[in-house]
Amino acid sequence: GIPPMGARTAERYVYDATWERVAERNRRYYAKYPNDVAQVKRIVRALLREKIPLPSGGVLTARRFLQSGMGLGSSPSSFAGLHGLVRSAFVDLSPPDDSPTFSRTFLKKIDSHIPFDDNPIYFLLHEAIYCDGPRR
């Protein structure tokens with residue numbers, strides 16, 4: 001949400017609290033789906049080797065893929081949704097480590113999972129904690 005004006009909340013506090021929550025949600029996710037650790041690493045390795053075109057014309061990078069974890073705190077079903085995304089990444093016949101082939105299902109899910117280009121106001125409001133003027 002948008003932070004209150006005049007609160008003079010230290011940016012560091014906001015980011016420290018966010019960092020702790022993100023770390024906790026990641027621990028819980030991987031405790032629930034331990035096999036996803038290897039799959040996520042495989043996806044990231046493949047994306048570090050090659051940027052993959054998305055159906056909409058965008059590009060899937062390792063960084064963009066890792067942003068799919070943003071939804072882990074959004075709802076009780078977010079863990080299952082991310083797990084489904086991770087498990088759908090590759091065509092089953094892909095070799096384990098040699099240039100795996102990403103499935104079209106995965107690419108379409110990623111394309112719609114992080115649609116910042118559809119919501120430009122997110123960019124404007126994302127760092128609103130810095131918009132309350134100088135500290136006194």
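Two rings of Phe, Tyr or Trp count as a pair if their centres lie within 6.5 Å, and planes over 60 degrees apart make the pair edge-to-face, planes under 30 degrees apart make it stacked, and the rest are tilted. The exercises below apply this and related criteria to a predicted model.

**Exercise 1. Find how many aromatic pairs the structure holds, and classify the pair of Tyr 29 and Tyr 30.**

Step 1. A search of the whole structure returns 6 aromatic pairs.

Step 2. The ring centres of Tyr 29 and Tyr 30 are 5.2 Å apart and their planes stand at 80°, so this pair is edge-to-face.

Step 3. The surroundings of the two residues can be read from their accessibility: Tyr 29, at 1%, counts as buried, whereas Tyr 30, at 27%, counts as partly exposed.

Step 4. Ring pairs also join Tyr 29 and Tyr 30 with Tyr 33 and Phe 79 in a cluster.

**Exercise 2. Classify the ring pair of Phe 65 and Phe 106, and state which parts of the chain it ties together.**

Step 1. With centres 6.0 Å apart and planes at 50°, the rings of Phe 65 and Phe 106 form a tilted pair.

Step 2. Phe 65 belongs to helix 3 and Phe 106 to helix 5, so the pair ties together parts that are 41 residues apart in sequence.

Step 3. Both residues are buried, Phe 65 with a relative accessible area of 3% and Phe 106 with one of 0%.

Step 4. Phe 65 and Phe 106 are also among the residues that touch the most other members of the largest nonpolar core, which has 23 residues; the others are Ile 43, Leu 47, Leu 60 and Phe 102. Helix 2, helix 3, helix 4 and helix 5 each give two or more residues to this core, and the largest share, 5 residues, comes from helix 2.

Step 5. Leu 60 shows how such contacts are spread, since, with neighbours within four places in sequence left aside, its partners include Leu 47, Phe 65, Phe 106, Leu 107 and Ile 110.

**Exercise 3. Determine which residues of helix 5 are buried, and how they are arranged about its axis.**

Step 1. Within helix 5, which spans residues 104-113, the buried residues are Phe 106, Leu 107, Ile 110 and Asp 111.

Step 2. Viewed down the helix axis, these residues fall within an arc of 135°, so they line one face of helix 5.

Step 3. A general rule is helpful here: an α-helix has 3.6 residues a turn, so residues three or four places apart point the same way.

Step 4. On the other side of helix 5, Arg 104 and Ser 112 are exposed, while the cover over the buried residues includes helix 2, strand 1, strand 2, helix 3 and helix 4.

**Exercise 4. Locate the salt bridges, and examine the charged residue Arg 25, which is buried without one.**

Step 1. The whole structure contains 2 salt bridges.

Step 2. Arg 28 bonds in this way with Glu 24, the closest N and O atoms being 3.2 Å apart; the two residues are 4 residues apart in helix 1, about one helical turn.

Step 3. Asp 36 and Arg 87 form a salt bridge at 3.4 Å, N to O, and this pair links helix 2 with helix 4 across 51 residues. Asp 36 is buried at 0% relative accessibility, whereas Arg 87 is partly exposed at 43%.

Step 4. For Arg 25, in helix 1, the nearest side chain of opposite charge is Glu 24, 4.6 Å away; a salt bridge requires a nitrogen-to-oxygen distance within 4 Å, so Arg 25 has none.

Step 5. Leaving out residues up to four places away in sequence, Arg 25 touches Leu 72, Gly 73, Ser 78 and Phe 79.

Methods
Residues are numbered from 1 along each chain as its sequence is written. This is a predicted model: local features need pLDDT of at least 70, side-chain atom pairs count only at pLDDT 80 or more; totals for chains, interfaces and linings use all residues. Side-chain values use heavy atoms; hydrogens and water are left out. Buried means under 20% relative accessible area, exposed over 50%, partly exposed in between (1.4 Å probe, protein chains only). The arc is that of the directions from the helix axis to the C-beta atoms. Contact means heavy atoms within 4.5 Å. Lys and Arg count as positive and Asp and Glu as negative; His and the chain ends are not counted. A nonpolar core is a set of buried Ala, Val, Leu, Ile, Met, Phe, Trp, Tyr and Cys residues joined through side-chain atoms within 4.5 Å.
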